[in-house]
Amino acid sequence: MTRLVLKNPLQFRLSMAGILPQNLGSQTLSEIEKIPLLYGNRRSPLGEFFTVSKTSGSEDGLEIIGDGSRMDEVAAGMIGGTVTIEGNLGHSVAAAMTGGVVTVMGSVGHGAGHGMKGGGLIISGDAGDGLGSDLNEGHGPMTGGVIRVAGKVGDQAAHRLNRGVILVGGSLGKGAATRMNGGTVVALGKIDSGLGVMSQRGTILALGGVQSLLPSFADCGNHDLVIHRLLGQGLRQIGAEDFAARLASSESLHRYLGDCAVAGMSEIWL
Amino acid sequence: MEINGVKIAAEFAEAFDMTATRIIVTADSAQWVKIAATTMTGFATSVIACGVEAGIERYFLPTETPDGRHGAAILLFGFSRDSLVEPVRNRVSQCVLTCPGTACFAGVTADGIKGSAIPLGRSLRYFGDGFQTAKRLLMSPPERQSGAAIERRFWRIPVMDGEFLCEDMLGHVSAIGGGNFLILGQSRRQALLAAEAAIVAMRKIPEVIMPFPGGVVRSGSKVGSRYPALMASTNQAYCPTLVGIAETSLVEGTAAVYEIVIDGLNFAAIAEATRVGIIAACHAPEGGILAISAGNYGGNLGRHHFKLHEILADAGGVK
């Protein structure tokens, strides 16, 4: 496993694009230290910012230690292995990742997991805006994988979500799941207004309630369906026992279908 | 060879290559699972006229099913993957979709080869008339309830009691059909009691079904007929009422013969079912079993031969 320990607090934003476990595993310490990183508006070698070391453990593992609030694009494009970050991160963590597991023991900025295709992103703190969204940066919508945030999440999460699962332990901001076309969003905290605007398909489990619902979502009544049991099983499969337990404790859920403004069939369960 | 005084003929059962799929049907109660499973496996005794051979492999407790409800595993056998497509679709659509509270899951993994898996929910979804939705979920593979999860796709079709949930595609596996043995009894009652005892024992064996009514066949057949339109006709050699006018394969004193036909997912499962079935029949409560034999075509038609003496070599009480 490769370990990067931040030497000093970052003054400018540092792009970690390309620093992926699959690229580092076979490189020597000196080779890793020479990898150029974009820092502000200049490129500097990685060794200028991090103390690099190799520790025991899997070769396709990467550990980053330090306050990375200005560290962007960590694990972006990752295809496998593990990345563990002890600290906060900037924007676009795990963007467009297709495999592996990224664990952040802290909070992350905007655009975490945007355009994600597979793998898992686990955030123990909060997440900014655009979590698991399509940010029009060429990666497209989220089409797979699992994002789990223990804390609260900003606005415009799950925009154009196509497949995959987003789990939010806290509250979810405004305009979540707009234009959603598939996938599942589960929130234990309250969801702010504008949920599911122009969404076509997909499932939102608003287990902590919603601030308000669009009038273009039709009230379909209370139901206890087999799909709820399967969603619970699916949550257990990905280790989200607390989400599964919360779902199981709901005897029946209230279903809203919409967005009728676009003849949508996405569902919000309260 | 004898077991408990019953003669075991030095015969073999001749079985054929088939293709099988497994469907897990769940419902709100064991009663409705049984109704759905029984209805779905009705009129599925023989591929000759029923399209498929089907039966209930076993029942599940709620802890064993994907949705935590009561369930049953149903095995369906056909001569090829293509021959299963329509019967599976029709049986599920008419017998399971219609049945209160049911859901349908694959029991073997669809191998992911496009065009190879059997479409189920993918076909039935059109019943939803545009109100159906699909859901992909990370779940255990169909064959087990633990281990690495795979993505499985389900269709949710709105119906009058909620939703009918149905797996998108079913996997299929190579299988064997036509394993069998014959119970020759002194009376119909004794032969039937022995057949019933055999079926009770055989139903505990996984990966096999006995597709005929109650698992028992009274109309053993031979290939062909004096009437050209018929593929099969009564096997006069095993008809006790024809002893004296037709060549017979019966031992003296036989008044009734019952056949147990076995379809299974592999040779070992059929062999084990045959073994436990024969042993149970030989220890039937009222006795009266004169011999156990098996049906074959001289070994020329099916490549799977279940030799009774080999299968029963280690059975207790064998002389």
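Helices and strands are here DSSP runs, numbered from the N terminus, a helix having at least four residues and a strand at least two. I keep this definition at hand because loops are located below by the numbered strands on either side of them. I note at the outset that the model is predicted.

**Entry 1: the loop between β16 and β17 of chain A**

I looked up D259(A) and found this residue in the loop between β16 (253–258) and β17 (266–269) of chain A. The peptide bond that leads from G258(A) to D259(A) is cis, and I read its omega as near -5°.

I then turned to A263(A), which lies in the loop between β16 and β17 of chain A. Its phi is near 55°, a positive value, and the residue is not a glycine. Is A263(A) buried or exposed? I recorded a relative accessibility of 64% for A263(A), and the residue therefore counts as exposed, since the cut-off for that class is over 50%.

**Entry 2: Q156 of chain A**

I placed Q156(A) in the loop between β11 (143–149) and β12 (163–168) of chain A. For Q156(A) I again noted a positive phi in a residue other than glycine, with a value near 55°. The relative accessibility of Q156(A) is 37%, so I entered this residue as partly exposed.

**Entry 3: chain A as a whole**

I counted the elements of chain A and obtained 4 helices and 17 strands. What radius of gyration does chain A have, and what would a compact globule with 270 residues have? Chain A has 19 Å, and a compact globule with that number of residues would be near 18 Å, so I noted that the two agree. Along the principal axes, the C-alpha atoms of chain A fill a box of roughly 65 × 35 × 25 Å.

I also looked up burial, and 54% of the 270 residues of chain A count as buried. The exposed area of chain A is about 10500 Å², and 50% of this area is supplied by carbon and sulfur atoms. Among the contacts in chain A with a separation of 6 or more, 42% are between residues 24 or more positions apart.

For the charges, I found 21 positive and 23 negative side chains in chain A. The centres of these two sets lie 2 Å apart.

**Entry 4: strands β8, β9 and β10 of chain B**

In chain B I followed strand β9 (residues 150–159) and its pairing with strand β8 (residues 133–139), which is antiparallel over 7 bridges. Within this pair, A134(B) stands opposite W155(B) of β9(B).

How many bridges join β9(B) to strand β10 (residues 162–167) of chain B? I found 6 bridges, and these two strands run antiparallel. Here P158(B) stands opposite E163(B), a residue of β10(B). I noted further that β9(B) and β10(B) form a hairpin, with 2 residues between them.

**Entry 5: D17 of chain B**

I located D17(B) in strand β3 (residues 12–27) of chain B. As a general point, I recalled that side chains in a regular strand alternate between the two faces of the sheet. With a relative accessible area of 37%, D17(B) is partly exposed.

Which residues is D17(B) in contact with, leaving aside its neighbours within four places in sequence? I listed F79(B), A175(B), R303(B) and H304(B). I also looked up F77(B), which is 60 residues from D17(B) along the chain, and the C-alpha atoms of the two are separated by 9.9 Å.

Notes: Residues are numbered from 1 along each chain as its sequence is written. Chains are lettered from A and ligands numbered from 1 in the order in which they are written. This is a predicted model: local features need pLDDT of at least 70, side-chain atom pairs count only at pLDDT 80 or more; totals for chains, interfaces and linings use all residues. Side-chain values use heavy atoms; hydrogens and water are left out. The radius of gyration is taken over C-alpha atoms; the globule rule is 2.2 Å times the number of residues to the power 0.38. Buried means under 20% relative accessible area, exposed over 50%, partly exposed in between (1.4 Å probe, protein chains only). Contact means heavy atoms within 4.5 Å. Accessible areas come from the Shrake-Rupley method with a 1.4 Å probe; for residues, only the protein chains shown count as cover. Lys and Arg count as positive and Asp and Glu as negative; His and the chain ends are not counted. The place of a charge is taken as NZ of Lys, CZ of Arg, CG of Asp or CD of Glu. Two strands pair if DSSP finds at least two bridges between them.
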